Amino acid sequence: MAEFAVSLVVEKLTNLLALQAAYLDGVSQKIVQLRNELRWMLSFLKDSDMKQEENELMQQWVSDIRHVAYETEEVIETYVSRAASQNTFDLITKPFYLYKVGRKIESIRSKMREISGRRETYGVVRNGRSGGEGTAANERLRWWRQTSPHVEEDYIIELVEDTKALLIQLTSMESRRRVVSIVGMGGLGKTTLAKRLYNHNDVKNHFDCRAWIYVSKEYRRREILQGIITDVNALNRDEMEVLEKLKEEELLKKLHEFLEERRYLVVLDDVWSMEVWDCLENAFPSGKTGSKVMLTTRNKEVALHADGGGIPHEPRILTEDESLKLFCKKAFHGMNSLPAELKKLGRDMVVRCGGLPLAVVVLGGLLSRKIKSTEEWHRVLRNITWHLTKGQDRIAAILALSYNDLPSHLKSCFLYLGLFPEDVSVQTKKLIHLWVAEGFLPQEGEETAEGVAEKCLNELIDRCMIQVGRLSLLGRVKTVRIHDLLRDLAISQGRKEIFLEIHNGNKAEPSESISTKSRRHAIHSRYDQYVFLKDFAPHLRSLLFFNREYNVDVARKRMKIGFRFEKKLNVIYKNFKLLRVLDMEGVRVVCLPDTIGSLIQLRYLGLRKTNLEEELPLCIGNLQNLLTLDLRYSCFLKKIPNVIWKMVHLRHLLLYTPFDSPDSWHLRMDTLCNLQSLPYIEAGSWIDDGGLANMTNLRQLGIDGLSREQVTSVISTMERLQDLQSLSLLLISELEMFPTLTGLSQCEHLQKLCFYGKMEKLPDPQEFPPNLIKLTLYNSQLQRDSITKLERLPNLEMLVLGDGSYNWRDMIFSSESFPKLEILRLHLLKELEEWIIEEKAMPKLKHLVINRCEKLKKIPDGLKQATALKELEIVGMPVEFEYKLRTKDFFEFKHSPSIKSTTDMLAIGLGSHQNVGWPEALFG
């Protein structure tokens, strides 16, 4: 990875010479010499990242180069930052600073000469071995190793006997609630097996409700209880806002009362301690006969503690033949046998995996990218060094082998995931924004940095280095996770590379074990003071907080925390002048001091879910290098100062907060030509003043509070926004009406549309964007014949008809309509009584949601003929409707779907909030 670190510094020096010439006058020639020497060193680093694993001399030499490259970056950035912050960088101060930086540059050049000399003196030379070292094969692994309980892996070895034994336990009808445990070491496939059972049809049909929760070492009871309540009730986000205000004991009581009348299954995945069970046990009543809790754990004592009368199930390891079969599927994309010339090599490699599925999958993912030749496979086999013979060491060696095979930029992307807490689901959009801010990504032609980052994400998934967490209904990766063993690898390797450090409040960990030169730090625990971070200031580039604090008592927050907490964060604003990333999501920040404006190197500022009040300071406009500003869910923030226009490099401006987003209508926006994401903003004069027309790089746009005339202006500007993919428009009041929406047909990249407000006339099918795949309508008051227009949209995959969108008694989907529709959501269609689906309508429908359409009498007969329907979800429907669906109707389905019901969500007292996800689903 040193190669990539040095190349980044070389590129940065080149950019500084071009963009900061005024500040570098007097030392520019020395910087050019420095850059050229680093370029020369790069030629000796091309092959070093793999070789250093074999050679301690090479390892030390590479480390020396990395240190001198980082020192170069620090010297130049410190000088530029200091020069830029001076009000008058005059004739008196400038010579002093120039002399000082000149001396430092000479010192660095001297170190470079010493490093080069050591290469010759000690024989550190490049290995001349030919061949495709680190080169991937043309064929690539195309499936994802997924961890969402609803998304199963394509390539697994089904342990028939294990599955059968656990099914018997899960579907037994004991009168009291029992605990079914799956026990084994990390990577054994406990979660995969549990997921198989969770989605088994016998299990789905046996239980009234199910929930799946990841626990992990650093669990929080509140989050676990909220997660279970969400799963068994499918609460929308408005109702979750109510949950946030409840105390933990109230949450536990409500969950207990809800489960008491149901046969339920709750899966607790990755439980590490008996304490977890002790603090959750009271939430799980006996319920109906046959209720179960299933947990996965590495500790058999935990399983026996949860249910002393149970017998924990320990999945067996894979046999050699099973390992070879799984390896073959991964390495050769689903094939069941290896080519004859590779069979012995393949078997020799999988034997080293010790039957551990994770190791086999990771090794198979690695080999899928290699040339399918005996020479290449021999090389991989030779690099699997087994100094120790016991399980975890073997797996660590295989995982390290996969890490070493990553290109330099992917190593950085992978190591970055080590900063996140264990078992956390990482939002992919946030991760991509962080990667871009860090500058990890190579330039690929005219592709945006975000596009390159998404490719990197998918490549890490293809290599089985990270796992898919949650998919959107349209199949996009929403969250990712990293297996515990791989996270351990990322942390250990990241510390070795002075890439990262984690502060988790563990007093047993000596402070001297933490490198002061690490570039990125993550805070995982609460601290009374952050003064200790001052020691890291010269080298620190990224600081991420994960010590989220809940705002249970707002009044107490304002009185006690306002001063004390702000004061302890001042060390950050005052000392960390070279920070590129500052993420304080969930931290109780009430106000930002003016010193925030001195962090002029910031590329990412995350203030999501903070307690910021009133208005941001004007000096926020000094952050002119900022790429991402995230202010979402800052519930007390009232206004954003009109200085955003100064952030000319801004790419992602995220403002949405439920119910009361900060005022944004007054902002000047005409300079933000690099903006890509603006999912929420209030309508204002910026629309007509050139602000919107200049945002030619926009991918996502959502505007609230629009008048009819402003909608016309927005639509007329669409021809300039050729990259726009998602557009959401909300009218200012029910008295307003959308004009005739012409001009959208020219927007070839536009894939998602949402309109909230009355429509004078729904566009004809040819007037919609030609590649539209998702359409959401609320309060549209569509004419009766509008369905005949919608059903002819040729590429529509998802349709949401929300509250007030269709106010007629009957609705007809004609024969062969909606040819590509896969997802249909009907929310609060209060007048709908009869829904007719004619033959061959919606032939690809997979997922249907019917939410509080309380007058609808029955499921359409035409729906029962659907062959693709997998899941039918009903929310808030009359008891009679659900009863008929689960009895008579269910047996009439040609292909029985999974039925998910949340009819009686009022049972825990949260049913008064009727919001069904709009507009937060689009803006949040």
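## Close-up views of the predicted model

**View A. The aromatic pair of Phe738 and Phe755.** Phe738 counts as buried, because its relative accessibility is 0%. The model shown here and in the views below is a predicted one. The other ring of the view belongs to Phe755, which is likewise buried, with a relative accessible area of 1%. A search of the whole structure gives 15 aromatic pairs. In the pair formed by Phe738 and Phe755, the ring centres are 5.3 Å apart and the planes make an angle of 70°, an edge-to-face arrangement. Phe738 belongs to strand β20 (residues 737-738) and Phe755 to strand β21 (residues 752-756), so the pair ties together parts that are 17 residues apart in sequence.

**View B. The aromatic pair of Phe813 and Trp835.** These two rings also meet edge-to-face, at 5.5 Å centre to centre and with 75° between the planes. Distant parts of the chain are linked by the pair, as Phe813 lies in strand β25 (residues 810-813) and Trp835 in strand β27 (residues 834-837), 22 residues apart. Phe813 has a relative accessible area of 0% and is therefore buried. Trp835, at 4% relative accessibility, is buried as well.

**View C. Leu775 and Thr776 beside the strands around them.** Leu775 is one of the residues with the most contacts inside the largest nonpolar core, along with Leu582, Leu790 and Trp835; this core has 117 residues. Helix α24 (residues 554-575) supplies the largest share of the core, four residues. Beyond four places in sequence, the contacts of Leu775 include Leu753, Phe755, Phe768 and Leu790. Among its further contacts are Leu793, Leu796, Met798, Leu799 and Val800. Thr776 is placed in strand β23 (residues 774-778). Thr776 is buried, since its relative accessible area is 5%. Apart from residues up to four places away in sequence, Thr776 touches Leu753, Cys754, Phe755 and Val800. In soluble globular proteins, nonpolar side chains tend to be buried together.

**View D. A second core, and Ile498.** A core of 48 residues, separate from the largest one, includes Leu410, Cys413, Phe440 and Phe499. Ile498 is located in the loop between α23 (484-496) and β8 (500-503). The phi angle of Ile498 is near 45°, a positive value in a residue other than glycine. Ile498 is buried, because its relative accessibility is 9%.

**View E. Glu816 in a loop.** The loop between β25 and β26 (823-827) holds Glu816. Phi of Glu816 is positive, near 65°, although the residue is not glycine. At 55% relative accessibility, Glu816 counts as exposed.

**View F. Helix α10 and its surroundings.** Helix α10 (residues 221-233) has 13 residues, which at 1.5 Å a residue should span 18 Å; the C-alpha atoms at its ends are 18 Å apart, so the model agrees with the expectation. Ten of its 13 residues are buried, and the helix is therefore largely enclosed by the rest of the structure. The buried residues of α10 include Arg221, Arg222, Ile224, Leu225 and Gln226. Gly227, Ile228, Ile229, Val232 and Asn233 are also among them.

**View G. Phe890 in the loop after α27.** Phe890 sits in the loop between α27 (879-889) and β30 (898-902). Its relative accessibility is 18%, which means that Phe890 counts as buried, the cut-off being under 20%. Leaving out neighbours within four places in sequence, Phe890 is in contact with Lys884, Leu885, Ser896, Pro897 and Ile899. From Phe890 to Lys864 the C-alpha distance is 8.4 Å, and 26 residues separate the two in sequence.

**View H. An aromatic cluster and two lysines over rings.** Tyr198, Trp212 and Tyr214 make up one aromatic cluster. Lys372 lies over the face of Phe332, at 5.6 Å from the ring centre. A further example is Lys609, which lies over the face of Tyr633, 5.7 Å from the ring centre.

**View I. Confidence along the chain.** Mean pLDDT is 81 for the chain, and 81% of its residues reach 70 or more. Residues 385-392 stay under 50 in pLDDT, and the model gives this stretch 13 contacts beyond four places in sequence. Residues 904-918 also have pLDDT below 50, with 41 contacts in the model beyond near neighbours in sequence. Where pLDDT is low, the predicted coordinates should not be read in detail.

Terms used:
Residues are numbered from 1 along each chain as its sequence is written. This is a predicted model: local features need pLDDT of at least 70, side-chain atom pairs count only at pLDDT 80 or more; totals for chains, interfaces and linings use all residues. Side-chain values use heavy atoms; hydrogens and water are left out. pLDDT is the predictor's confidence in each residue, from 0 to 100. Contact means heavy atoms within 4.5 Å. A nonpolar core is a set of buried Ala, Val, Leu, Ile, Met, Phe, Trp, Tyr and Cys residues joined through side-chain atoms within 4.5 Å. Buried means under 20% relative accessible area, exposed over 50%, partly exposed in between (1.4 Å probe, protein chains only). Helices (H or I, at least four residues) and strands (E, at least two) are DSSP runs, numbered from the N terminus. The expected span of a helix is 1.5 Å times one less than its number of residues. Rings of Phe, Tyr and Trp (its six-membered ring) pair if their centres lie within 6.5 Å; planes under 30 degrees apart count as stacked, over 60 as edge-to-face and the rest as tilted. A charge sits over a ring if NZ of Lys or CZ of Arg is within 6 Å of the ring centre and within 35 degrees of the ring normal.
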